Amino acid sequence: MAPYNPPLEGRGAKLRLDFNENVSGCSPKVLEVMRESPSRGFVATYPEYSEARRKLGAHLGVDADQVIVGAGTDEVISAVIHAYVDPGDEVIIPSPSFSMFKFYAQLVGGVPRMVPYRGQALSFPTDEIAHAVGSRTRAILIASPNNPTGGVLTAEQAERILQVADGCAVLIDEAYFDFHGQTMLGLLKRWPNLFVARTFSKAYGMAGLRLGVLASQAGNIDVVRKGQSPYGVNSLAIRCALAAIQDTSYVREYVREVLRARAFLYGSFDELGIPYWPSCANFVLFELGAKTKHACIALSDRGILIRDQSANIPGTARVTVGPLAETVRFLAELKGVLNGGP
Ligand SMILES: Cc1ncc(COP(=O)(O)O)c(C=O)c1O
């Protein structure tokens, strides 16, 4: 299988608009928890998760036994795949989407079945996914909002897939939920094959701490837990997450700022004649055609990282949206690059 080789090193000194992190950082309440020096006993003891499962469950509106934590959403995605997919089984993935879906499917010997997003609008391919479900399908992995297209699927579309794929694990990755506000968690009671994942890496600004959450019916959670390390998430990440969910106003304010900056970005792209796909998340996919590669490199030279998406959709790039000042800086540099600057 092809290695996943994202440009991960040396990003710290640049404006990081390439990985959809919260570029402002986490709530000050999280930093307070990190500054309180924990006792030697706290550091020396293996982590415990029951309080976290109860509180994170309450935060999501589900019971403690319907939730597990993982070292990032990455780990819970991997755990679901490990639990349900055997070598040779098929995993349906609408494409393009988050690269780790395919990566983890291949890692267990699964066969990824990529179903393209539909047409120029890149709309959600409900019928195509429904038709792709076959006797070897074991899992369907969907990000909503989707990275990098920014689109979502509706509850109606989700239910159609859950119905057709009644013997498969259907994972809806809501990593960008906070920027959109609509969740499939409400469908968990009705659909025993539904899994919903959330992360603290995006709106919460805690990507470095690595914490993801998975919710499903309790029986499924027991199955997924069987294959997990008992101590995969460290104690400090848990403490920080519990502080973060109490500071709801921090996330609300950040999301408001992102939505304001995103509207400004759309307006500026319109003025510049740059086509883009309206997004429900904190990033926007846009089209620079043959100039894409040069623009991404030139922006990096100017201290701004964005993500070339040409391998997924030719001639496109994805930019993270954070506070307005960052978007303004990105646009100023982009204009410089497109006007023939270095
Ligand atoms: C759809 C999606 N899911 C999950 C992740 C990663 O989340 P985590 O940092 O919790 O592993 C990303 C990051 O880009 C993403 O785009």
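Reader: Which helix gives the most to the shell around the ligand?

Author: The model in question is predicted, and the shell around the ligand in it comprises 14 residues. Among the residues that come nearest to the ligand are Gly72 and Thr73, and the helix that spans residues 72–84 gives three residues to the shell. The helix that gives the most is therefore H4.

Reader: How many residues of the shell around the ligand are nonpolar, polar and charged?

Author: The residues that come nearest to the ligand are Gly72, Thr73, Asn147, Thr199 and Ser201, and in the classification used here Gly counts as polar. Taken by class, the shell around the ligand divides into five nonpolar, seven polar and two charged residues.

Reader: Where does the cis peptide bond that joins Ser95 and Pro96 lie, and what is its omega?

Author: Pro96 is placed in the loop between strand S3 (90–95) and helix H5 (99–107). The bond that joins Ser95 and Pro96 is cis, and its omega is about 5°.

Reader: Which residue precedes Pro148 across a cis peptide bond?

Author: Pro148 belongs to the loop between strand S5 (137–143) and helix H7 (155–164). The peptide bond that leads to Pro148 is cis, with omega near 15°, and the residue on its other side is also one of those that come nearest to the ligand. That residue is Asn147.

Reader: Is Asn20, which has a positive phi, buried or exposed?

Author: Asn20 is not a glycine, yet its phi is near 60°, and its place is in the loop between strand S1 (15–16) and helix H1 (28–35). A residue counts as buried if 20 or more other C-beta atoms lie within 10 Å of its own. Because Asn20 has 25 other C-beta atoms within 10 Å, Asn20 is buried.

Reader: What is the exposure class of Leu122?

Author: Leu122 has a positive phi of about 55° and lies in the loop between strand S4 (111–116) and helix H6 (126–132). With 19 other C-beta atoms within 10 Å, Leu122 does not reach the 20 needed for a buried residue, so its class is partly exposed.

Reader: How is helix H3 oriented relative to helix H9?

Author: The axes of H3 (residues 50–60) and H9 (residues 235–244) come within 10 Å and cross at roughly 30°. Because angles under 35 degrees count as roughly parallel, H3 is roughly parallel to H9.

Reader: Which residues make the contact of H3 with H9?

Author: H3 passes H9 in a left-handed crossing. The residues of the contact divide into five nonpolar, no polar and one charged. They are Ala52, Lys55 and Leu56 of H3 and Ile238, Ala241 and Leu242 of H9.

Definitions and conventions
Residues numbered from 1 in each chain as written. Predicted model: local features only at pLDDT ≥ 70, side-chain atom pairs only at ≥ 80, totals over all residues. Near = placed C-beta within 6 Å. Helix = DSSP H or I, 4+ residues; strand = E, 2+ residues; numbered from the N terminus. Buried ≥ 20, exposed ≤ 12 C-beta atoms within 10 Å, placed from the backbone. Axes fitted to C-alpha atoms, helices over the stretch in contact; angles between N-to-C directions. Parallel < 35°, antiparallel > 145°, perpendicular 65-115°, else oblique. Left-handed = near helix turned anticlockwise from the far one by under 90°. Contact = placed C-beta atoms within 7 Å.
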